[in-house]
Amino acid sequence: MMATTNDLKNGMVLNLDGQLWSVVWFQHHKPGKGGAVVRTKLKSVLSGKVVDRTFNADVKVDVASVDKRTMQFLYHDGTSYVFMDTATYDQYELPESVVGDASGFLLDNQEAVVAMHEGNPLYIELPASVELTIEYTEPGLQGDRSSGGTKPAKLETGREIQVPLFITTGEKVKVDTRDGSYLGRVSS
């Protein structure tokens with residue numbers, strides 16, 4: 001499928017020189033003299049490398065057909081992550097390189113969007129935030145207040161994040177899946 005650089009959108013996957021690149025950011029720019037250009041930040045789907053690239057306006061680019069499917073995470077068998085397509089019930093084994101940092105936020109039976117290209121999994125997308133239980137954190141000290149420092153806490157998935165001093169073991173917290181930051185307590 002072909003499109004012009006004027007049609008670019010965030011999340012669109014382009015096939016440039018035989019490699020797949022995801023559009024992270026784009027901006028149309030019209031300098032004082034000369035033709036309009038489109039500045040982009042492109043992320044390599046396979047390696048994760050981010051590059052800046054500038055295109056002339058109205059240049060044709062090859063858009064890769066990416067099939068995004070909602071899948072349910074079943075289990076991790078030590079070498080790969082097994083997901084089930086919720087529409088067809090087909091199971092897919094995704095290598096750790098595809099799952100990446102998202103593994104620190106995955107719980108059994110959690111849904112995620114898996115992007116596929118020609119039957120090969122490219123990457124997974126999680127919701128912007130997830131609710132996880134604190135498996136262990138040091139007890140807070142007398143005098144800790146809601147504002148102030150942070151301490152490390154281990155989540156039920158094994159990932160470690162920084163939480164405020166008043167958070168205790170067993171509490172459910174909301175965590176940002178993009179950067180692993182603490183967003184707040186979850187009231188039960």
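**Note on the predicted model: fold, pocket and selected residues**

1. D58 comes first. With a relative accessible area of 52%, D58 is exposed, because the cut-off for that class is over 50%. D58 sits in the loop that joins β5 (50-56) to β6 (60-62). Its phi is near 65°, which is a positive value in a residue other than glycine. The model is a predicted one, and the points below should be read with that in mind.

2. A second residue with positive phi is E118. Phi is near 55° here, and E118 is likewise not a glycine. E118 lies in the loop between β10 (111-117) and β11. Its relative accessible area is 67%, so E118 counts as exposed.

3. On the overall make-up, the protein has one helix and 16 strands. Its radius of gyration is 21 Å, whereas a compact globule of 188 residues would have one near 16 Å. Along the principal axes, the C-alpha atoms fill a box of roughly 65 × 45 × 25 Å. Of the 188 residues, 36% are buried. Among contacts with a separation of 6 or more, 43% are between residues 24 or more positions apart.

4. The largest pocket has a volume of about 880 Å³. Its lining consists of 32 residues, and those nearest the centre are K43, V99, Y123, I124 and E125. Four elements each give at least two residues to this lining: β3 (19-29), β4 (37-44), α1 (96-99) and β11 (120-125). Which element supplies the largest share of the lining? That is β11, with five residues. By class, the lining of the largest pocket holds 15 nonpolar, 10 polar and seven charged residues.

5. T40 belongs to strand β4, one of the elements that supply the lining of the largest pocket. T40 is buried, because its relative accessibility is 2% and the limit for the class is under 20%. A polar atom of the T40 side chain lies 2.7 Å from the backbone oxygen of R53. R53 also appears among the contacts of T40 beyond four places in sequence, together with L8, W25, F26, V51, D52 and F55.

6. T137 can be read alongside T40. T137 is in strand β12 (residues 129-137). At 3% relative accessibility, T137 is classed as buried. Here the partner is P152, whose backbone oxygen is 2.9 Å from a polar atom of the T137 side chain. Once neighbours within four places in sequence are set aside, the contacts of T137 are K151, P152, A153, V163, I167, T168 and T169.

7. F73 is placed in strand β7 (residues 67-76). Is F73 buried or exposed? It is buried, with a relative accessible area of 4%. Leaving out residues within four places in sequence, F73 is in contact with Y81, V82 and F83, and also with L106, L107, D108, N109 and Q110. As a distance check, F73 and Q91 are 18 residues apart in sequence, and their C-alpha atoms are 9.7 Å apart.

8. E156 lies in the loop between β13 (150-155) and β14 (160-164). E156 is partly exposed, at a relative accessible area of 33%. A polar atom of its side chain is 2.7 Å from the backbone nitrogen of T133. Not counting residues up to four places away in sequence, E156 touches T133, L107, L132 and E135. L107 is also among the contacts of F73. From E156 to S80 the C-alpha distance is 19 Å, with their positions 76 residues apart in sequence.

9. Q19 is in strand β3, another element that supplies at least two residues of the lining of the largest pocket. Q19 is partly exposed, with a relative accessible area of 44%. Between Q19 and D176, which are 157 residues apart along the chain, the C-alpha atoms are separated by 30 Å.

Methods. Residues are numbered from 1 along each chain as its sequence is written. This is a predicted model: local features need pLDDT of at least 70, side-chain atom pairs count only at pLDDT 80 or more; totals for chains, interfaces and linings use all residues. Side-chain values use heavy atoms; hydrogens and water are left out. Buried means under 20% relative accessible area, exposed over 50%, partly exposed in between (1.4 Å probe, protein chains only). A polar contact is a pair of N or O atoms within 3.5 Å; within protein, one must be able to donate a hydrogen and the other to accept it, and residues adjacent in sequence count only if both atoms are side-chain atoms. Contact means heavy atoms within 4.5 Å. On a 1 Å grid over the protein atoms alone, a cavity is a set of points where a 1.4 Å probe fits but cannot get out, and a pocket is an open set with protein on both sides within 12 Å along at least five of seven lines; lining residues have an atom within 4 Å of a point. Grid points are joined across faces, edges and corners, and a volume is the space filled by probe spheres set on the points. Ala, Val, Leu, Ile, Met, Phe, Trp, Tyr, Cys and Pro count as nonpolar, Asp, Glu, Lys and Arg as charged, and the others, Gly among them, as polar. The radius of gyration is taken over C-alpha atoms; the globule rule is 2.2 Å times the number of residues to the power 0.38.
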